[in-house]
Amino acid sequence: MAVEMRLPALHKHVSLTTSQPHRDDKHLVVPGDVITSDTGFMRGHGTYMDEDRLTASVAGQVERVNKLICVKPLKTRYNGEVGDVVVGRITEVQQKRWKVETNSRLDSVLLLSSVNLPGGELRRRSTQDELAMRDYLQEGDLISAEVQSIFSDGALSLHTRSLKYGKLGQGVLVLVSPSLVKRQKTHFHNLPCGASVILGNNGYVWLYPTPETQDEEAGGFYTSMEPVSVSDREVISRLRNCLLALATHKVLLYDTSVLYCYEAALPHKIKDILKPETMEEIVLETRQRLVEHEG
Amino acid sequence: MAAVQVSEAEKVYLMHGVRDDLRLDGRRCEDYRHMEIETDVVSNTDGSAKISLGHTDVLVGVKAEIGKPRPMVPDEGYLEFFVDCSANATPEFEGRGGEELGVELSNVLYKVFNNRHSVDLRSLCICAGENCWVLYVDVLLLQCDGNLFDAISIAIKAALFNTRIPKVRISEDEEGGKEIELSDDPYDCMRINVENVPCIVTLCKIGHRHVVDATLQEKACSVASLLISVTHKGMVTCVRKLGRGSLDPESIFEMTEAGKRVGKTLHAPLMELLQKEESLGKKRQKVGFLG
C-alpha cells in the first residue's frame, strides 16, 4: 500500500542541447508560422497559403522533398501507407469484413478474403466461413496486420496473409503518437530482455511474452490462455512504463531506444518509472547512450 | 462512463497479473498511481483544487453563498454538488452524454460529504433558521482514466481546505430587523475544518482479489466495485456497491477492511501536502493548466 502525493512541478523537456549544440537544427513550426514566402514551392500536407506565404497549419517538423513542403505533425492520427505494420482492435463484424480501429481518421477494413483461415489452407471463402467469422475474430480482439491498400477516402484495407500477423494473445497494449514510431525494416522485435514487441506504425505498441515456438499451426488464430510467469510480467510491465516514459519525452521508439531505456530503468522499481523525476533521469540516460551509439 | 474495449486474452493477462500482485504498470494491488495536487487554481472561487491521478484530471471549485437553511436542521449550513463531465474527457460526454454520470457522481458526493460527521455544518450557520452559508461544490472532469470517485473526493477535501469564507456580522436595528454585514477586510475570513472530511476509496473486484485505483482497463475487467468513504480515524461513513456484478458477503468484508486500511493512509500525506503548499504561500510558482 503506497500513496504518493506531491505538488505539480513545471515539466522540463529533457534535452542534450548543451553537449550537442548543432543537433537541434530541425525546422520546427507551430500553426501560423510562415515557412517561406518564396512562391516557387508546392503546398503539401500540414500547410496552407496565406497571401502567397506558405504557412504551417499544424505543429511539427518541416519536411522538404524537392519543391514540395510538408509539415509532419508531432501529435496526429495515423496516416496509413501501404506496407505499414499496424496493431488494431476489431470494432465490428460485418458481412465478409471486419472493421478495425487503427487510430486513423476512419475505421480500417479487414476483408475475410485477406486473412489466412485457420489450418493455413488457401481456398475460396464459403458462406460457412462467413458465418464463422466471429469465431476467428470478435469485437474487442486485437490483431496485427499490414496495410494492403488505401481507399480513395483514406480508409485503410488491411491484410493478415502471413503467419507473423493475426490475432494477438496475452500481452499489453501501449498507445503512443504515431509520429514517435520510427519506420524500420522490421517492426517485430524479440528483445533480449525477455519479451517481444510489435511497434505498430499507427502508434499502437504491443508487448507480449516471447513465444517459445515460432511456428503455430493455427495460422495466428490460436491464443494461449496459460498464465504468464511473474518474471515475464515484470519485464513486460517495465517495458510498458519505459515506452510511456519515452513517449512522454518524445523520443523516437525503435528497438535500440526501447532497450536502452529498459536498461536505464533497471535500477528503479517498476512503478517508480512513471514518476516525473525518474522518467526524466531514465530518458536522459537513454538519449545519452543513443547519441554515443550514433557517434 | 468512458469505457475501453479489452480482448479476452488481455483480460486473462490482466487478471493473472492481479492474482500475482503485479499489475500492468508494476503497481501492487493496494498502490495508488502518483498524484499531483494543487490548490487555489481558480481565482473566482472561494476555494479550488486540481488533482491529476495518472491521466485522470479533476478540477474542483467551491463557492460560498448565503442561503436559507433547511427547515429540518435550522442551525446548519449545507453543501451542494454539481459534477460537470467535460466533453474534453471523452466524446461520449458531448451534449447531454455526461449528464447521467454527473448526476450519479453528485448524488454519491452528497451522501458522502453533506453530513455533520464529515463537515462541521454548524459552523456554516449565520443566523439559525434564517441564514446560512451554502457551499456550492462544482466538480469538472477534465480527463477520465479510471478511479473518478477517489480523485474527486481528494480534490474536494483539498478544495475545502483551501476555502475561505468571508466573516459576517449580524447587526440588529431598533425595529428588530436583522442585517448581515460583510467584513471590509478581505483577509478576515473563516476556514472549514477538514479534519473529518472523508476520502473515498474504490475497490474493484478482479478475479478473486480486489485492487484500488483501477485504471479504465482494469475497470473493464471487474464485475463490481465497492466504494467506501473513510475518515482519517478509519471511520467508514458510506459504503456503496457499483457495477452490475454481485459480491459475496465475505469479499465485501475483506474489501471494507482493505478500504479502511487504505483510506486511513490517504489522509496524512494529503494534509501534509496541503500544509506544505500553504506554508510556501505566494512564493510558490503556480503550475495550473500549463504544466
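# Working through a two-chain model

A search of the whole structure turns up 35 salt bridges over all chains, where a salt bridge is a side-chain nitrogen of Lys or Arg within 4 Å of a carboxyl oxygen of Asp or Glu. This is a predicted model: local features need pLDDT of at least 70, side-chain atom pairs count only at pLDDT 80 or more, and totals for chains, interfaces and linings use all residues. Residues are numbered from 1 along each chain as its sequence is written, chains are lettered from A in the order in which they are written, and side-chain values use heavy atoms, with hydrogens and water left out.

## Exercise 1: a link within chain A

Task: Find what A:K275 pairs with, and work out which parts the pair ties together.

Solution. Start with the partner: the side chain of A:K275 meets that of A:E4 in a salt bridge, 3.6 Å from N to O. Next, place both residues. A:K275 sits in the loop between α4 (255-265) and α5 (276-294) of chain A, while A:E4 is in the segment before β1 of chain A, so the pair ties together parts that are 271 residues apart in sequence. (Helices, H or I with at least four residues, and strands, E with at least two, are DSSP runs numbered from the N terminus.)

## Exercise 2: build a sheet

Task: Work out the strand order of the open sheet with 4 strands in chain A, and say which strands stand at its edges.

Solution. Go pair by pair, remembering that two strands pair if DSSP finds at least two bridges between them.

- Step one: β2(A) and β7(A) (residues 60-65) run antiparallel, joined by 2 bridges. Here A:V29 has A:G60 as its bridge partner.
- Step two: β7(A) pairs with β8(A) over 6 bridges, again in the antiparallel sense. A:G60 turns up here too, opposite A:P73 in β8(A). These two strands form a hairpin with 2 residues between them, and A:N66 in the turn has a positive phi of about 50 degrees.
- Step three: β8(A) (residues 68-73) runs parallel to β4(A), with 2 bridges joining them. A:M42 is opposite A:L68.

Put together, the order is β2-β7-β8-β4, with mixed pairing. The edges are β2 (28-29) and β4 (42-43); each has a single partner strand, so one side of each is left without a neighbour in the sheet.

Now add the record: UniProt (unreviewed entry) annotates residues 28-65 of chain A as "domain: Exosome complex component N-terminal"; such annotations may be inferred rather than shown by experiment. That span is 0% helix and 55% strand, and its end C-alpha atoms lie 16 Å apart.

## Exercise 3: where the chains meet

Task: Describe the interface of chain B and chain A, from its overall size down to single residues.

Solution. Count contacts (heavy atoms within 4.5 Å): 43 residues of chain B touch 40 residues of chain A. Then take the buried area, meaning the accessible area (1.4 Å probe) that two parts lose on being put together, summed over both. This comes to about 3600 Å², with carbon and sulfur atoms giving 62%. In chain B, B:Q5, B:Y13 and B:H34 lose the most area to chain A, together 19% of what that side buries.

Now zoom in. The rule finds 3 salt bridges across this interface. B:D31 forms a salt bridge with A:K271, with the closest N and O atoms 2.7 Å apart. On the side of chain B that touches chain A, α1 (8-19), β1 (35-39) and α5 (249-280) each supply at least two residues, and α5(B) gives the most, with 10 residues.

Finally, check the strands: β1 of chain A (residues 5-6) and β1(B) pair in the parallel sense over 2 bridges, with B:E36 as the bridge partner of A:R6.
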